[in-house]
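This briefing is written to be read alongside the sequence and the coordinates. It proceeds by topic, from backbone details in loops to helices, strands and the chain overall.

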Amino acid sequence: MIQELTKSFERYLLAEKRFSKHTASSYVRDLTFFLIFLKKATNEDVTPESLSKVTITEFRSFLFSRKENNLSNQSIARNISAIKTFYRFLYNEYETENSEIELLKAPKVQKKLSKTVSEVDIDAFFKSVEEFDKTPWIAARDKAILYLLYGCGLRISEALELTFNDWYGAETSGILRIRGKGDKERLVPLIDQVIQEVENYIRIKPYGNPMGDPVFIGLNGQQLNPRQIQRLIEKIRRHVGLPEDITPHSLRHSFATHLLKNGADLRSIQELLGHANLSTTQVYTKLQDNHLKEVYMKYHPLSKK
């Protein structure tokens, strides 16, 4: 029954909630841990009926077990979100109700940004891409993806889910239509260098370019897995000497941080990133505050005394 429930839940997340594949997979993984925990704790099959009887003590016991595995507050909060979303799914599909779930509160999560790649290091970062794959079309593909992350502020999932339907027309208009989190659509301007890198890759890639197919493919023509780009960035950061917490998402953060440092306003950055609330974008002001403090300490006469 666990497998049946998790598969149905995943279909619900993708079709009705319009979650990205990455987020849906994370929720399903968290839910699977929860259902297996319940089965072991109660020694009974997990069914919609049994799930209606889960107590707040059992919910908290599960979260405590996850905490013992050194999960961060952010991961615990995602576990809770997955479970609550699952119970909404149960109500829709099986009319299963459980008022105890409302007593479950997420821990406070401190908003923390990924490390960014400095403007000084970004050139070296891109120049090193071609060091790691001598196959021209793969090197061009990797470079094009990284330019979309840094040059347009795309999430890795947004870049890898681009199809030729999305790209054709965008390369001439200079505007890319992106469908992001929560199925929200935004328009992203394309700078010339990003267009050139993507077009260069398309020109030399194998397998043709059917309209509905993903732009970025793997060796066998299948849609590219995000893990391949994560591994590439791990190699680049070691090669360039960047911190270990530089990830694909760091390029998106670098995009926003560099725009802010160079005079862009928060509202514009909010639109470009596709944030629903300005408060989400305001975390970047902390970086700007640090930058201003550095400038002040370096140049103000009183700081030299």
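**Loops, helices and the strand pair**

Arginine 18 is placed in the loop between H1 and helix H2 (21–42). The model discussed here is predicted. The chain contains 16 helices and two strands, and 41% of its 305 residues count as buried.

**Loop residues**

- The phi of arginine 18 is near 60°, a positive value in a residue other than glycine. With a relative accessible area of 47%, arginine 18 is partly exposed.
- Asparagine 43 is found in the loop between H2 and helix H3 (48–51). Although asparagine 43 is not a glycine, its phi is positive, at about 60°.
- Asparagine 43 counts as exposed, because its relative accessibility is 71% and the cut-off for exposed is over 50%.
- As background, most residues other than glycine have a negative phi.
- Lysine 108 belongs to the loop between H5 and helix H6 (119–127), and lysine 108 is exposed, with a relative accessible area of 78%.
- Lysine 108 and glutamine 74 are separated by 34 residues in sequence, whereas their C-alpha atoms are 8.1 Å apart in space.

**Packing of H1 against H5**

- Two packed helices are described by the angle between their axes and the distance between the axes.
- Helix H1 (residues 2–15) packs against helix H5 (residues 73–94) at an angle of about 95°, and the axes are 10 Å apart. H1 is therefore roughly perpendicular to H5, since angles of 65 to 115 degrees are classed that way.
- On the H1 side, the contact is made by Glu4, Leu5, Ser8, Phe9, Tyr12 and Leu13. On the H5 side, the contributors are Ala82, Thr85, Phe86, Arg88, Phe89, Leu90, Asn92 and Tyr94.
- By residue class, the contact of H1 with H5 comprises nine nonpolar, three polar and two charged residues.

**Helix H5**

- H5 has 22 residues and reaches 31 Å from its first C-alpha to its last, close to the 32 Å expected at 1.5 Å a residue.
- The buried residues of H5 include Ser75, Ile76, Ala77, Asn79, Ile80 and Ile83. Also among them are Ala82, Thr85, Phe86, Phe89 and Leu90, which take part in the contact with H1.
- The partners against which the buried residues of H5 pack are H1, H2, H3 and helix H4 (56–68).
- Glutamate 95 follows H5, and its phi is positive, near 60°.

**Helix H7**

- The 17 residues of helix H7 (residues 136–152) should span 24 Å at 1.5 Å a residue, and the end C-alpha atoms are 23 Å apart, which agrees.
- H7 is mostly covered, with 16 of its 17 residues buried.
- Glycine 153, just after H7, takes a positive phi of about 75°.

**The two strands**

- In a regular strand the side chains alternate between the two faces of the sheet.
- Strand S1 (residues 175–179) shows such alternation: Leu176 and Ile178 point to one face and are buried. Ile175, Arg177 and Arg179 point to the other face and are not buried.
- S1 and strand S2 (residues 185–189) run antiparallel and are joined by five bridges. Arginine 179 stands opposite glutamate 185 in S2.

**Contacts across the chain**

- Among contacts in the chain with a separation of 6 or more, 64% are between residues 24 or more positions apart.

Note on methods
Residues are numbered from 1 along each chain as its sequence is written. This is a predicted model: local features need pLDDT of at least 70, side-chain atom pairs count only at pLDDT 80 or more; totals for chains, interfaces and linings use all residues. Side-chain values use heavy atoms; hydrogens and water are left out. Axes are lines fitted to C-alpha atoms, for helices over the stretch in contact, and angles run from 0 to 180 degrees between N-to-C directions. Helices (H or I, at least four residues) and strands (E, at least two) are DSSP runs, numbered from the N terminus. Angles under 35 degrees count as roughly parallel, over 145 as roughly antiparallel, 65 to 115 as roughly perpendicular and the rest as oblique. Contact means heavy atoms within 4.5 Å. Ala, Val, Leu, Ile, Met, Phe, Trp, Tyr, Cys and Pro count as nonpolar, Asp, Glu, Lys and Arg as charged, and the others, Gly among them, as polar. Buried means under 20% relative accessible area, exposed over 50%, partly exposed in between (1.4 Å probe, protein chains only). Two strands pair if DSSP finds at least two bridges between them. The expected span of a helix is 1.5 Å times one less than its number of residues.
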